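Here are my comments on the model you sent, set out as numbered points. Please read them with the sequence and the coordinates open beside you.

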Amino acid sequence: MNTTMVHFTFRRGAAAFLFAVASAGAALAQSPPAATDPLALLAWLDGCWRGLVNQREFREHWMPLRGGLLLGVSQTVMGGKSQGYEYLRIEPRPDGIYYVATPSGSKEDAFRFMGRTVDTEGDRNDEIFTFENPALEFPRRIIYRHATGGWLYAQVEGKVSGTDRTVIYPMRRIDCASGAIIDK
């Protein structure tokens, strides 16, 4: 094969490769937008979140919305030792959207999405997402507040021994690898 033929074959092969890449990119661009997914309003959870209260460090790590499902995991550490963890998912079901938590060593509990509100008091523009399971005492309600400045407040509510109880976990968005705070 002479050099002209090799050069032509290479160019034709490269052109075919570039055409295939461009076609694949066009096919991806034409796929349905994520906004059509009923969970798109919660896609902001994607990434890592960290908080510290009473010497307990807690983190949540949420994977990107994919295949109609949000998957996450949380871990609480105190004094360098794990105190607990949870596997989390947010999923659509025939009767609504559910936040499902499976704590370490326990059965899963599902909390139905009750709605989204916006708190615009003062300079706020916080989105509030409420999930509830009225069959449970505690937690009965889980509320995620997506606040400005890269904050997430996970609030857990219910009754303990007949008394109302609320626990708030303030978390900042962090870089998953370095742990550096991300203001977003």
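The points below move from the overall fold to strand pairing, and then to individual side chains.

1. The coordinates are those of a predicted model, and the remarks that follow should be read with that in mind. The protein contains one helix and ten strands, and in sequence order the elements follow the pattern α-β-β-β-β-β-β-β-β-β-β.

2. The strands form a closed barrel of ten, running β1-β2-β3-β4-β5-β6-β7-β8-β9-β10 with antiparallel pairing. Within this sheet, neighbouring strands are turned against each other by 25° on average, when direction is ignored.

3. Some overall values may help in setting the scene. The protein has 184 residues, of which 30% count as buried, and its exposed surface comes to about 11,700 Å², with carbon and sulfur atoms supplying 57% of that area. If one takes the contacts between residues at least 6 apart in sequence, 27% of them join residues at least 24 apart.

4. At the start of the barrel, strand β1 (residues 47-53) and strand β2 (residues 56-62) run antiparallel and are joined by seven bridges. The hairpin that these two strands make has two residues between them, and Asn54 in this hairpin takes a positive phi near 50°. Strand β2 also pairs with β3, again in the antiparallel sense and over seven bridges.

5. Glu57 deserves a separate remark, since several descriptions converge on this residue. Glu57 in β2 is the bridge partner of Leu52, and Glu57 also stands opposite Val77 in β3. The side chain of Glu57 forms a salt bridge with Arg50, in which the closest N and O atoms are 2.7 Å apart. Is Arg50 buried or exposed? Neither word fits, because a relative accessible area of 31% makes Arg50 partly exposed.

6. Salt bridges number 14 in the structure, and some of them form a network that links Arg89, Glu91, Arg93 and Glu108. Within that group, the side chains of Arg89 and Glu108 meet at 3.3 Å, N to O. This pair links distant parts of the chain, with Arg89 in strand β4 (residues 81-93) and Glu108 in the loop between β5 (96-103) and β6 (109-119), 19 residues apart. Arg89 is partly exposed, with a relative accessible area of 22%, and Glu108 is likewise partly exposed, with a value of 37%.

7. Another salt bridge joins the side chains of Arg145 and Asp126, at 2.9 Å from N to O. Because Arg145 lies in strand β8 (residues 141-147) and Asp126 in strand β7 (residues 126-132), the pair ties together parts that are 19 residues apart in sequence. Asp126 has a relative accessible area of 3% and is therefore classed as buried.

8. Strand β8 also has a partner in strand β9 (residues 151-160), with which it pairs in the antiparallel sense over seven bridges. In this pairing, Arg145 stands opposite Tyr153 in β9, so that Arg145 in strand β8 is placed between a strand pairing and the link to Asp126 in strand β7 described above.

9. What surrounds Glu86, once its neighbours within four places in sequence are left aside? Glu86 lies in strand β4 and is in contact with Gly72, Val73, Ser74, Ala101, Thr102 and Pro103. The C-alpha atoms of Glu86 and Thr102 are separated by 5.3 Å, although these residues are 16 apart along the chain. Glu86 itself counts as partly exposed, at 26% relative accessibility.

10. Val73, one of the contacts of Glu86, lies in strand β3 (residues 70-78). Val73 also belongs to a nonpolar patch on the surface that it forms with Tyr85 and Tyr87, and the three together have about 290 Å² of accessible area. Val73 counts as partly exposed because its relative accessibility is 33%.

11. In a regular strand the side chains alternate between the two faces of the sheet. When inspecting the model, that general pattern may be kept in mind alongside the Val73, Tyr85 and Tyr87 patch and the contacts of Glu86.

Note on methods
Residues numbered from 1 in each chain as written. Predicted model: local features only at pLDDT ≥ 70, side-chain atom pairs only at ≥ 80, totals over all residues. Heavy atoms only, no water. Helix = DSSP H or I, 4+ residues; strand = E, 2+ residues; numbered from the N terminus. Buried < 20%, exposed > 50% of the residue type's maximum accessible area, 1.4 Å probe, protein only. Contact = heavy atoms within 4.5 Å. Areas by Shrake-Rupley, 256 points an atom, 1.4 Å probe, with all protein chains shown as cover. Salt bridge = Lys/Arg side-chain N within 4 Å of Asp/Glu carboxyl O. Patch = residues over 30% accessible without salt bridge, like charges linked within 9 Å, V, L, I, M, F, W, Y side chains within 5 Å. Pairing = 2+ DSSP bridges. Axes fitted to C-alpha atoms, helices over the stretch in contact; angles between N-to-C directions.
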